[in-house]
Amino acid sequence: MSNIPAEQINIPMKRQLIIEKFGFSVLTILTIATVLPIITVVIYIIYLGAPAISWEFLTAMPVDGMRAGGIWPAIVGTFYLTVGTAIFSVPLGIATAIYLSEYASDNRLTRNIRLAIINLAGIPSVVYGLFGLGLFVIFLKFGTSILSASLTLSIMTLPVIISTTEEALHAVPQSFRVVSVSLGATKWQTIRRIILPQAVSGILTGVVLGLERAAGETAPILFTGASFFLPRLPGSPMDATMALPYHLFVISTQVPGMPIQIQYGTVLVLIVFVLIMNIIATVIRSRARARRQW
Amino acid sequence: MDKIIVEHFSLTYSDGTESLFDINLRIPANQITALIGPSGGGKSTFLRILNRLNDLADVKKVTGKVLIDNIDVLDPDLDVIELRRKVGIVFSRPLPLPLSIFQNVAYGLELAGEKNKSVLNDAVERALRLAELWDEVNDRLHDPANSLSGGQQQRLCLARTLALEPEIILLDEPTSALDPLATARIENSLTELKKQYTIVVAPHNTQQAARIADFVAFFLQGKLIEFSSADKIFTKPVDQRTQDYISGKFG
């Protein structure tokens with residue numbers, strides 16, 4: 001070993017090291033290229049939007065053709081729409097995923113259903129809006145209302161919840177199912193006691209992803225439940241409502257002489273709204289993990 | 001007394017792998033019966049038939065008869081939940097459920113609807129003592145089950161099965177993932193347990209069968225080649241293939 005010249009050992013090593021360093025640098029640069037625009041956008045929004053934020057902005061009605069006052073009805077509306085969407089899409093989505101993953105046999109029909117669900121996730125949201133208009137607003141006579149808009153958003157959210165929940169269920173090792181059944185468990189007992197507790201954090205991630213998208217969408221609620229301006233809060237699910245994303249669209253394009261702080265203040269509120277949903281999901285996830293005794 | 005009677009039993013999987021052909025076998029009560037033979041010969045399949053775990057697999061066709069205490073195991077209307085409580089199984093790898101030690105052992109009873117805390121406590125202690133694990137875990141019953149060593153986990157799996165007070169215990173290569181010391185503990189437990197239970201085991205190797213079995217069934221490529229008392233199989237087997245397998249000519 002000792003009489004081999006040092007260069008002969010070092011040459012291949014050096015080349016590999018250079019490749020390693022080069023690859024690492026490329027990945028770092030790409031990561032920065034991804035993160036930097038996001039951070040810039042957030043800072044920009046905070047910079048322009050923060051001055052608008054005040055107690056009045058958050059809790060008052062809009063006045064002067066929405067050029068002044070607050071955005072309270074839009075905040076409330078987006079809250080109602082998100083809760084409404086959750087009520088319809090979360091139980092239905094999780095139940096569908098459980099059925100597809102645990103009960104349905106793997107045949108051509110279920111494979112096609114899965115394919116359809118994945119494709120549904122890629123449909124432009126305005127198409128959901130038109131569908132909601134046709135089905136809920138006109139055919140079922142729900143009118144432009146929180147109910148119609150929530151149902152439309154639910155249909156849009158379902159594919160996301162179903163496919164992420166199914167993935168989370170698939171990630172639970174098959175051996176747990178076999179063991180549980182071998183101890184005299186029914187399928188449902190196995191799902192409830194073993195599979196769901198294991199999959200809960202993956203499911204929550206899917207639910208929050210879906211609901212966040214619903215909270216931020218404009219097109220699906222455009223024809224089904226959002227209103228340009230309402231001087232009062234919605235009193236029932238059959239009322240139309242203002243909503244943050246639609247309000248943003250309106251004040252950015254439809255109202256001349258709109259102060260820029262109000263626009264960016266609205267954006268900031270919407271982002272914080274989504275952030276709060278994320279935080280709630282994280283808290284629930286870590287609670288679920290702490291309760292699990294392992 | 002014959003606990004398990006198998007007559008002209010055949011099974012085919014949908015993909016054609018590891019099938020069983022015309023198995024005839026009478027497994028006696030309160031004895032250890034070992035299923036030996038090269039892997040892929042149908043031992044696991046045979047074990048999983050006895051508590052209908054094969055329902056979860058892609059089985060194409062079963063024919064013949066399998067009786068446990070004269071109850072038709074293959075009856076489609078059979079209460080499989082009750083069957084699985086009566087016929088417990090321990091798998092080749094230690095597979096604790098993602099629960100605490102206590103919850104693992106109490107799992108089967110809780111499924112059956114047992115809610116009484118003291119009944120559960122007693123049953124868990126009894127099962128853990130039978131599996132010779134109680135002394136090692138009684139001060140940390142509520143720790144996660146996967147904090148135990150591999151050998152402890154496998155004894156936990158045995159305890160989990162015992163907690164249901166089954167009549168038959170199936171073990172599918174229960175010591176294949178264990179070191180010799182842990183293996184010896186499991187083997188000791190089994191020899192102790194056969195007083196109360198009928199045990200059917202697919203042992204890790206032929207030596208293990210020789211150590212613990214009272215009866216031995218030799219499976220080769222889905223067929224039962226020979227079945228008799230362990231003494232006879234290991235001293236003067238009738239079939240040449242049994243002789244060759246036991247003497248290590250193939251495996």
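Let's start in the middle of things, with B:A127: leaving aside residues up to four places away in sequence, B:A127 touches B:V105, B:A159, B:L162 and B:A163. Keep in mind that this is a predicted model. Two of those names come up again when we look at the largest nonpolar core, which has 143 residues; B:L50, B:A127, B:A159, B:A163 and B:V216 are the members that touch the most others. Chain A has a share in this core too: helix 6 of chain A gives the most to it, with 13 residues.

From B:A159 it's a short step to its helix. Helix 6 of chain B covers residues 150–162, and B:A159 and B:L162 are both among its buried residues. Its 13 residues reach 18 Å from the first C-alpha to the last, close to the 18 Å expected at 1.5 Å a residue. How many of its 13 residues are buried? The count is 12, so this helix is largely enclosed by the rest of the structure. The buried set isn't just greasy side chains, either: it includes B:Q152, B:Q153, B:Q154, B:R155 and B:R160 alongside B:L156, B:C157 and B:L158. As for what does the enclosing, the buried residues of helix 6 of chain B pack against strand 6, helix 3 (101–111), helix 4 (117–130), helix 5 (134–137), strand 7 and helix 7 (180–193) of chain B.

Two of those neighbours are strands, and they belong together. Strand 6 (residues 87–90) and strand 7 (residues 168–172) of chain B pair in the parallel sense over 4 bridges, with B:I89 finding its bridge partner in B:L170 of strand 7. In a regular strand the side chains alternate between the two faces of the sheet. For strand 6 of chain B, that puts B:V87 and B:I89 on one side and B:G88 and B:V90 on the other; all four are buried, which leaves both faces covered.

Now for the antiparallel part of chain B. Here 4 strands form an open sheet in the order 2-1-4-5, with antiparallel pairing. Which strands sit at the edges? They are strand 2 (20–28) and strand 5 (71–72) of chain B, each of which pairs on one side only. Walking across from strand 2, we meet strand 1 (residues 2–13) of chain B, and the two are held by 6 bridges in the antiparallel sense; B:L11 is partnered with B:L20 in strand 2. On to the next pairing: strand 1 and strand 4 (residues 59–68) of chain B run antiparallel over 8 bridges, and here B:Y13 stands opposite B:V59 in strand 4. Finally, 2 bridges join strand 4 to strand 5 of chain B, again antiparallel, with B:I68 partnered with B:I71. The hairpin made by these two strands has 2 residues between them, and B:D69 takes a positive phi near 50° there.

Further along chain B, B:F218 is worth a stop. It is found in strand 9 (residues 215–220) of chain B. Is B:F218 buried or exposed? With 27 other C-beta atoms within 10 Å, against the 20 needed to count as buried, B:F218 is buried. Not counting residues up to four places away in sequence, B:F218 touches B:I36, B:G37, B:I225, B:E226, B:I233, B:T242 and B:Y245. One of these, B:T242, is 24 residues away along the chain, yet the two C-alpha atoms are separated by 6.8 Å.

Over in chain A, have a look at helix 5 (residues 125–139). At 1.5 Å a residue, its 15 residues should span 21 Å, and the end C-alpha atoms are 20 Å apart, which agrees. There is a bend of about 30° at A:G132 all the same. A:G132 is also one of the buried residues of this helix, along with A:Y128, A:G129, A:F136 and A:V137. An α-helix has 3.6 residues a turn, so residues three or four places apart point the same way. The buried residues of helix 5 of chain A pack against helix 6 (146–170) and helix 9 (219–222) of chain A. Just after helix 5, A:K141 takes a positive phi of about 60°.

That leaves the place where the chains meet. Here 16 residues of chain A are in contact with 22 residues of chain B. On the chain A side, the elements giving two or more residues are helix 7 (174–182) and helix 8 (187–216), and helix 7 gives the most, with 7 residues. By type, this side of chain A divides into 8 nonpolar, 8 polar and no charged residues.

Terms used. Residues numbered from 1 in each chain as written. Chains lettered and ligands numbered in written order. Predicted model: local features only at pLDDT ≥ 70, side-chain atom pairs only at ≥ 80, totals over all residues. Contact = placed C-beta atoms within 7 Å. Nonpolar A, V, L, I, M, F, W, Y, C, P; charged D, E, K, R; others polar. Pairing = 2+ DSSP bridges. Expected span 1.5 Å × (residues − 1). Bend = angle between axes of the 7 residues up to and from the residue. Core = buried A, V, L, I, M, F, W, Y, C linked by C-beta atoms within 7 Å.
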